[in-house]
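Please read the following report alongside the sequence and the model. It takes up domains, charged pairs, enclosed space and aromatic contacts in turn.

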Amino acid sequence: MVRQAKRNPAHRSLARELGVAILTGRYLPGAVLPGELEFAESRNVSRSVVREALRTLAAKGLIDSRPKAGTRVRARADWNLLDPDLLAWMFEGEPPMGFVDSLFQLRMIVEPAAAEMAARLRTTRHIARLGHALEVMEEEGLSSAEGQAADQQFHNIILEATANDLLISLSGSIGAAVRSTTLFKHRKAKQLRDSIPLHRDLFSAITDGDPVAARAATITLILQAQEDIETSLQG
């Protein structure tokens, strides 16, 4: 058990390092990665750690390992870009503007409709949980880990309130997108607009059971987030 506890952080760290390298173009689709032994020696880890890291990346669609052919980076179309880890890794560097546009297009398709449904279907428990998440955001601020976690939870609760299993299954991806873009903005931007008032407007619309206002508030929130990310990339 002790050996397992030590090994897991090492394989996660290596998977993250290689994942970022692939997503940012250091290893292009079709490229052959160095062998297990080379990775193990260069990073002072065991070959079993390397294998676990590669299995993690393979499960996310980034690589394909075959006997005698080695480990190759798969075509971009095979990448599971909605995987929460991949979303986080993408924003550790400078994400391509096309990817940012695609991500916000997805959010614009999913979240306004989800907020509209949540305003109709929310329960008192959903309202209480949304209110608590908003309170944490206001108290801690979105520059803190606590505030960012509350922001992610806020958006996840809205998806839960739709009572739609398929929308709820997107919680991990939408939540990761929210948190990753927030982290990126706070790391890169010189000045940030406060999005908490927009979250408050959205909370009020859902609490009041106003689907039209909930949809409009979500669109405003997403558009501001997209503008801030694009400004950060251009700066």
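The report below begins with the conventions and then moves through the chain topic by topic.

This is a predicted model, in which local features need pLDDT of at least 70 and side-chain atom pairs count only at pLDDT 80 or more, while totals for chains, interfaces and linings use all residues. Residues are numbered from 1 along each chain as its sequence is written, and side-chain values use heavy atoms, with hydrogens and water left out.

## Domains

The domain assignment divides the chain into domain 1, spanning 10-78, and domain 2, spanning 96-234; such bounds come from an automatic or database domain assignment. Taken over C-alpha atoms, the centres of domain 1 and domain 2 are separated by 33 Å.

## Salt bridges

Side chains of opposite charge can pair when their charged atoms come close. With a salt bridge defined as a side-chain nitrogen of Lys or Arg within 4 Å of a carboxyl oxygen of Asp or Glu, the count comes to 15 salt bridges. The table lists three of these pairs with their N to O distances and the relative accessible area of each partner, where buried means under 20%, exposed over 50% and partly exposed in between (1.4 Å probe, protein chains only).

| Pair | N to O distance | Accessibility, Arg partner | Accessibility, acidic partner |
|---|---|---|---|
| R43 and E17 | 2.7 Å | R43, 26%, partly exposed | E17, 31%, partly exposed |
| R66 and D64 | 2.9 Å | R66, 56%, exposed | D64, 30%, partly exposed |
| R129 and E160 | 2.8 Å | R129, 21%, partly exposed | E160, 27%, partly exposed |

Helices are named here from DSSP runs (H or I, at least four residues; strands are E, at least two), numbered from the N terminus. The side chains of R43 and E17 meet in a salt bridge at 2.7 Å. Because R43 lies in helix α2 (residues 36-43) and E17 in helix α1 (residues 2-23), this pair ties together parts that are 26 residues apart in sequence. The salt bridge between E160 and R129 has an N to O distance of 2.8 Å. Here E160 belongs to helix α7 (residues 145-161) and R129 to helix α6 (residues 124-140), so the pair connects parts that are 31 residues apart in sequence. Salt bridges that share partners also join E36, R47 and R51 into one network.

## Cavities

A cavity is, on a 1 Å grid over the protein atoms alone, a set of points where a 1.4 Å probe fits but cannot get out, and its lining residues have an atom within 4 Å of a point. Grid points are joined across faces, edges and corners, and a volume is the space filled by probe spheres set on the points. On these terms the structure has two cavities of 30 Å³ or more.

The largest cavity holds about 110 Å³ of space. It is lined by 13 residues, of which D151, T182, K185, H199 and A225 are the closest to its centre. The elements giving two or more residues to this lining are α7, α9 (171-188) and α11 (211-234), and α9 supplies the largest share, four residues. For the classes, Ala, Val, Leu, Ile, Met, Phe, Trp, Tyr, Cys and Pro count as nonpolar, Asp, Glu, Lys and Arg as charged, and the others, Gly among them, as polar. The lining of the largest cavity accordingly has four nonpolar, six polar and three charged residues.

The second largest cavity has a volume of about 50 Å³ and is lined by E111, A114, A115, H155, I158, L159, L202 and T218. At least two residues of this lining come from each of α5 (97-121) and α7, and by class the lining divides into five nonpolar, two polar and one charged.

## Aromatic pairs

Rings of Phe, Tyr and Trp (its six-membered ring) pair if their centres lie within 6.5 Å, with planes under 30 degrees apart counted as stacked, over 60 as edge-to-face and the rest as tilted. A search of the whole structure finds two aromatic pairs. F91 and F99 form a tilted pair, 6.1 Å centre to centre with 55° between the planes; F91 is buried at 2% relative accessibility, and F99 is buried at 8%. F91 and F184 form an edge-to-face pair, 5.8 Å centre to centre with 70° between the planes. This second pair links distant parts of the chain, with F91 in the loop between α4 (84-90) and α5 and F184 in helix α9, 93 residues apart. Both F91 and F184 are buried, and ring pairs link F91, F99 and F184 into a cluster.

Note on methods: On a 1 Å grid over the protein atoms alone, a cavity is a set of points where a 1.4 Å probe fits but cannot get out, and a pocket is an open set with protein on both sides within 12 Å along at least five of seven lines; lining residues have an atom within 4 Å of a point.
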